[in-house]
Structures are given as C-alpha cells and as structure tokens.
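I opened this structure as a newcomer and kept short notes. The entries follow the order in which I looked things up.

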Amino acid sequence: MTPLRRAAPLAALARARLAALACLAVLALAGCASQSAPPRPPLAVRPVAWPAPGELGPVRAVADDGDRVVLFHDGAAAVFVNGALARVERAPHRWVSAAVVPAPDGYGTWIVGADAEGRLLRLPSRGSFEPVADHYGLERAAVRAAAGLGLGGGAAFALDGEIAVADGERVTRYATGPLAAFAAGGGRVAFALGGDEVLALDVAPRALRSYPLEADGPAPLLAVTGAGALLAATPAALYAEDSAGVLRLRLRASAALHGLAVSGERVWFADGGELGVLDASGARATRGARLPEAGRLIGSPSGDVWLLAAGALRRFAADDAGAGPAWDDIAPVFDRACARCHRPRGEGGVDLSTRAAWASLREAIARRVVEERTMPPPGHALSEADRARIRGFVERLAPPARPSARP
C-alpha cells in the first residue's frame with residue numbers, strides 16, 4: 001500500500017501564537033450555565049455479560065467497532081466477534097491506547113494499538129500484529145493515540161508535541177507542544193495543553209477555535225460527537241458545545257468527573273462511583289452504583305459503555321424504564337429458538353438472555369437473523385412472523401438522539 005504524501009505543516013498552534021491566527025474564535029463561558037430544569041429520574045443501567053478471555057492479565061485498552069471488539073492486554077490481544085471470543089493473539093507489547101480508524105486507502109476500518117514505545121500496530125482479521133505508521137505517513141513519529149475523524153473519513157494521531165491528520169491523500173502535522181488531552185470525531189480534532197483551555201481544529205477548513213475552561217487542575221477529559229460537537233469534562237463540571245458553537249455548562253459534578261465517552265449517539269460520563277448520560281434535555285446519573293471512582297470510559301458503537309479501572313473491564317447498557325421495547329415482547333421467541341445456545345454459559349458463547357444483551361448486539365442480530373438468515377442454525381425453527389418480531393424489536397432498541405451539535 002502506498003503511504004500517504006506528507007504536506008507542509010501549518011504554523012505551530014502553541015498557546016502563545018493562537019491570537020495571531022485569523023480563524024481563532026474565543027468563546028467566553030459567562031452567562032452560559034444551563035438553566036434550572038425539573039428533576040429527572042435517576043439513570044438505570046445494566047451490566048452486559050462478556051465472556052472472560054482467560055488469564056491474560058490486566059486490560060490496558062479497548063477497540064470496539066460493533067461487530068469486533070479487541071481487548072489489549074500486556075503481551076496479548078483477545079479478539080471477540082459478535083460477542084464471542086474468536087482468538088487470542090500474542091504480541092510482546094505494552095499497550096497504552098487503541099482505536100478503530102479508517103484504513104489509509106479509505107476502504108474499511110482498521111483496529112490499531114499504540115504501545116509504550118510509540119509504535120502503531122494493526123491487528124488484521126487474520127494474522128498477527130503489523131506496524132502501520134508508515135501507511136499514514138508517520139514513519140519516524142512516536143504515536144501515543146489515534147482516532148477516526150468520522151464524516152468525510154480520515155484519522156487523527158497524537159504524537160509527541162504534534163497532531164497529525166491523515167485524509168487519505170496526505171498527512172498534515174501541526175506543532176502543538178506537549179499534549180495533555182486528545183480526541184477526534186465529526187471532522188474535528190480536540191486537544192488540550194493544560195487545564196484551562198480546550199482547542200478544536202476543524203480539519204477541512206483548517207480553522208482553530210479556543211474554548212476557555214473554569215479549571216485550575218488537571219487537563220480536561222475530551223470527546224467529540226459524530227456531528228462534531230465538542231464535550232469537555234473537568235473534575236468539577238461537564239461542558240457541551242451547543243448549536244451556536246458555544247461551550248455551555250451542562251452539569252456540576254456531585255463527586256469528581258473521571259470518565260467521558262461518546263458511544264454511538266449516546267454521551268456517557270462517570271461522576272465518582274456513578275455513571276451518567278447526557279442528552280439534549282440534560283444529564284442523568286445512577287444512584288448507588290458504587291463503581292470504581294478512578295475508572296476510564298470507552299465508547300461502543302452500540303450505545304453501551306466500557307468501564308476500565310485498574311486493569312479490570314466491565315460493560316454497561318442504559319436500561320431506562322419505558323424507553324424502548326419491553327423484553328417480554330421477544331422473550332417467547334428467544335426461549336423457543338435461541339435459548340439452547342444463548343443462555344448464560346450456553347453453547348454459543350454469547351449470552352442473549354437479557355434486553356441489555358440484545359441492545360448491545362442489535363446490529364449483529366439484525367444482520368444475521370433478519371438479513372443473512374444464518375441464525376438460528378438448522379434445527380431451530382424460526383417463522384417469518386418470528387423474524388418480523390425480531391426485526392421490530394431490534395429497530396426499537398436504537399439509542400436516544402445525541403446532544404445538540406454544531407450547525
């Protein structure tokens with residue numbers, strides 16, 4: 001595969017030079033706090049059963065593209081396909097991050113991991129890890145993190161003191177100084193150099209915006225929605241960009257915010273021992289979940305969220321009462337045609353005995369049961385009426401609308 005052509009970098013985006021850029025727009029937070037609203041019910045979540053890959057040691061990173069999930073352990077990677085453990089790939093690497101990014105030729109996506117030495121490696125569907133930094137024009141760079149840009153495609157990479165953007169034809173590198181936070185999506189790259197300001201680069205027009213934060217402590221957590229709306233969380237507060245491009249206060253923390261992730265069209269946050277979701281009407285959090293208070297959140301296209309704390313990984317799904325179809329609608333079909341293989345510890349290796357499990361794998365279920373009709377296997381009757389009920393059930397399991405985004 002031909003590597004991308006490297007373009008001349010733009011001027012350094014260090015804070016001392018930001019005022020000289022014509023595209024700079026500083027958006028003050030004065031008067032931007034969210035208005036009071038009626039109390040909302042607490043968020044209900046369910047743990048999503050996930051098979052254990054055996055004794056592989058602590059999990060360091062996760063890459064989830066919906067059908068395939070890869071858990072990166074020191075010295076190994078566990079690959080799951082449609083929720084079942086498919087293989088374990090041994091590799092002598094100490095992983096620091098992982099991501100799903102578009103392939104450099106624009107066809108399909110790659111699951112990649114960055115190790116402690118800054119090497120970027122791809123895990124193919126079959127075969128062992130292979131170095132791929134040169135395919136993105138990053139031959140001699142130390143890669144610390146990667147993210148897909150969404151929208152028009154392409155990928156962004158956090159380097160030592162730089163950001164690189166690969167659009168399929170060229171790679172452009174921007175000098176930033178040491179990065180304290182990094183995220184990408186919706187055609188934008190968000191980053192922070194400290195705790196009192198967030199910067200967002202709109203890739204296509206090469207326009208930079210600066211957003212001041214009311215923070216004195218560590219660098220904020222950052223995320224970008226599929227529509228390009230910026231999210232930032234300090235330990236004390238959560239902010240989200242509105243349709244006018246203003247970063248508005250959406251939540252004051254009850255304890256300390258330590259997790260932020262975009263999962264499909266859902267935004268998750270972690271506040272002390274609680275999980276929460278943010279949508280257009282506000283934020284809701286669990287009560288009494290007692291989750292680890294130093295965990296990191298990782299998004300999933302399904303709308304679920306991964307919680308990684310001290311090397312232990314758990315997965316959760318929102319389970320709002322009245323928000324979506326009841327499990328009773330589909331349970332009789334499951335008992336008749338699926339239960340033999342898909343109960344906990346069943347022959348199929350994938351537990352589909354709960355509504356949350358169906359929600360997390362709804363795309364795979366729709367494809368294999370309704371479209372391809374490869375499930376259930378021969379000997380398990382499934383009528384056309386049953387397939388129609390399954391189609392309707394998984395379609396109604398779609399996650400809620402995303403928060404307001406930029407125009």
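**Entry 1: Arg387**

I started with Arg387, which sits in helix H5. The model is a predicted one, and I read every value below as computed from it. Is Arg387 buried or exposed? Its relative accessibility is 11%, so I put Arg387 down as buried, the cut-off for buried being under 20%.

Next I looked up what Arg387 touches beyond its neighbours within four places in sequence. I noted Val369, Val370, Arg373, Met375, Pro376 and Leu382. For Arg373, 14 residues away along the chain, I took the C-alpha separation from Arg387, and it is 9.2 Å.

**Entry 2: the loop before H5**

Two of the contacts of Arg387 made me look at the backbone. Arg373 comes just after H4 and has a positive phi of about 60 degrees. Met375 and Pro376 are joined by a cis peptide bond, with omega at about -5 degrees. I placed Pro376 in the loop between H4 and H5.

**Entry 3: H4 against H5**

I then turned to the pair of helices. Two packed helices are described by the angle between their axes and by the distance between the axes. H4 covers residues 362-371 and H5 covers residues 384-395. Their axes come within 10 Å and cross at roughly 160 degrees. That angle makes H4 roughly antiparallel to H5, since anything over 145 degrees counts that way. I recorded the crossing of H4 past H5 as left-handed.

Which residues of H4 and H5 meet? From H4 I listed Arg362, Ile365, Ala366, Val369 and Val370. From H5 I listed Arg387, Ile390, Arg391 and Val394. Sorted by type, the residues of this contact are six nonpolar and three charged, with no polar ones.

I also checked burial along H4. Arg362, Ala364, Ile365, Ala366, Val369 and Val370 are buried there. The buried residues of H4 pack against H5 and also against helix H3, residues 355-360.

**Entry 4: positive phi elsewhere**

After Arg373 I looked up two further residues with positive phi. Arg206 is not a glycine, yet its phi is positive at about 55 degrees. I found Arg206 in the loop between strand E17 (197-202) and strand E18 (207-212). With 30% relative accessibility, Arg206 counts as partly exposed.

Ala310, also not a glycine, has a positive phi of about 55 degrees. The loop that holds Ala310 runs between strand E28 (305-309) and strand E29 (312-318). Ala310 has a relative accessibility of 86%, so I marked it as exposed.

**Entry 5: Pro41**

Pro41 was the last residue I looked up. It belongs to the loop between strand E1 (5-6) and strand E2 (45-47). How exposed or buried is Pro41? It counts as exposed because its relative accessibility is 52%. I also noted a partner from elsewhere in the sequence: Arg284 is 243 residues away along the chain, and the two C-alpha atoms are 7.2 Å apart.

**Entry 6: the whole chain**

I closed with totals. The chain has 29 strands and five helices. Of its 407 residues, 53% are buried. Among contacts with a separation of 6 or more, 52% are between residues 24 or more positions apart. The accessible surface is about 18000 Å², and carbon and sulfur atoms account for 52% of that surface.

Note on methods: Residues numbered from 1 in each chain as written. Predicted model: local features only at pLDDT ≥ 70, side-chain atom pairs only at ≥ 80, totals over all residues. Heavy atoms only, no water. Axes fitted to C-alpha atoms, helices over the stretch in contact; angles between N-to-C directions. Helix = DSSP H or I, 4+ residues; strand = E, 2+ residues; numbered from the N terminus. Parallel < 35°, antiparallel > 145°, perpendicular 65-115°, else oblique. Left-handed = near helix turned anticlockwise from the far one by under 90°. Contact = heavy atoms within 4.5 Å. Nonpolar A, V, L, I, M, F, W, Y, C, P; charged D, E, K, R; others polar. Buried < 20%, exposed > 50% of the residue type's maximum accessible area, 1.4 Å probe, protein only. Areas by Shrake-Rupley, 256 points an atom, 1.4 Å probe, with all protein chains shown as cover.
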